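Visitor: Please give a close account of the salt bridges in this model and of the surroundings of the charged residues involved. Which of these side chains are buried and which are exposed?

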Amino acid sequence: MLLSELLVNIEYKLINGGDKEITSLVYDSRKVENGSVFVCLKGSSFDSHTVTRDVCDSGAVAIIAEHEVEHSDDCTLVIVENTRKALAYMSCAFFGYPANKLKTIAITGTKGKTTTASMIKYILEEKGIKTATIGTLGIVMGEKIIKTDNTTPESYEIQKAMSSMVKEGYGAVVIEASSLGFKWHRTDGFVFDYGVFTNFSHDHIGGVEHSSMEEYFACKAM
């Protein structure tokens, strides 16, 4: 796949280099290989914009960043406004837009997401619709459970999982869509077919989560 095909729905500025053949899309510097495009993400404790020189040395042929960074002369550098949002759209393209081939259902709310997702999965499967879930329990496809670090995984992991679901004949997926999932653009790049809002209460304020109830609600409302 060409880099330009991954960037088709993203506004960007090309700083160095040109179009490249891409073999993998990576946001973890430890997983870079020859032919990777590396997306820099800034977290609460680490900013991968600081390791771009090492990423080039490991074989990356392109870097997606929010500002100019160190890179080798033969590595394409692309600047975007928000790399998390870019990762979401690039992941959709990389995996062939799997959400278009599934019924996608989002569950959001302070409490009850996992229970509601399980209930909807049961109802759909009783009607013969093979259904997977993504949430607190991990990525659940039948008897297979893939553990995840967050209730709503990174956008790449969601798109990768949905691609596997399509290949394995699933008709629907129920995703626990947390406020942080919305805030960090993990569900960007596609539109849910259905959305369920369970409730809203005083949780997740402070630290690395939400600065206020107003911001928390704004993220839920997304």
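Guide: Buried means under 20% relative accessible area, exposed over 50%, and partly exposed in between (1.4 Å probe, protein chains only). The model is predicted, so local features need pLDDT of at least 70 and side-chain atom pairs count only at pLDDT 80 or more, while totals for chains, interfaces and linings use all residues. Residues are numbered from 1 along each chain as its sequence is written, and side-chain values use heavy atoms, with hydrogens and water left out.

A search of the whole structure finds four salt bridges (a side-chain nitrogen of Lys or Arg within 4 Å of a carboxyl oxygen of Asp or Glu). Three of these pairs are described here.

One of them joins Asp28 and Arg30, with an N to O distance of 2.8 Å. The two partners differ in setting: Asp28 counts as buried because its relative accessibility is 17%, whereas Arg30, at 73%, counts as exposed.

A further salt bridge is formed by Lys121 and Glu125, whose closest N and O atoms are 3.1 Å apart. Both residues belong to helix 4 (residues 113-126) and stand four residues apart, so about one helical turn separates them. Helices are DSSP runs of H or I with at least four residues, strands are runs of E with at least two, and both are numbered from the N terminus. Lys121 is buried, since its relative accessibility is 18%; Glu125, by contrast, is partly exposed at 35%.

Glu154 and Arg84 form another salt bridge, their closest N and O atoms lying 3.0 Å apart. This pair links distant parts of the chain, 70 residues apart: Glu154 is in the loop between strand 9 and helix 5, and Arg84 is in helix 3 (residues 83-94). Both ends count as buried, because the relative accessibility of Glu154 is 10% and that of Arg84 is 12%.

Glu154 also leads to Arg186, which is placed in the loop between helix 6 and strand 11 (194-197). Arg186 is buried yet has no salt bridge. The nearest side chain of opposite charge to Arg186 is that of Glu154, 4.2 Å away; here Lys and Arg count as positive, Asp and Glu as negative, and His and the chain ends are not counted. Leaving aside residues up to four places away in sequence, Arg186 touches Asn150, Thr152, Pro153, Glu154, Ser155, Ile158, Leu180 and Gly181, a contact meaning heavy atoms within 4.5 Å. Glu154 is thus named twice: as the salt-bridge partner of Arg84 and as a contact of Arg186.
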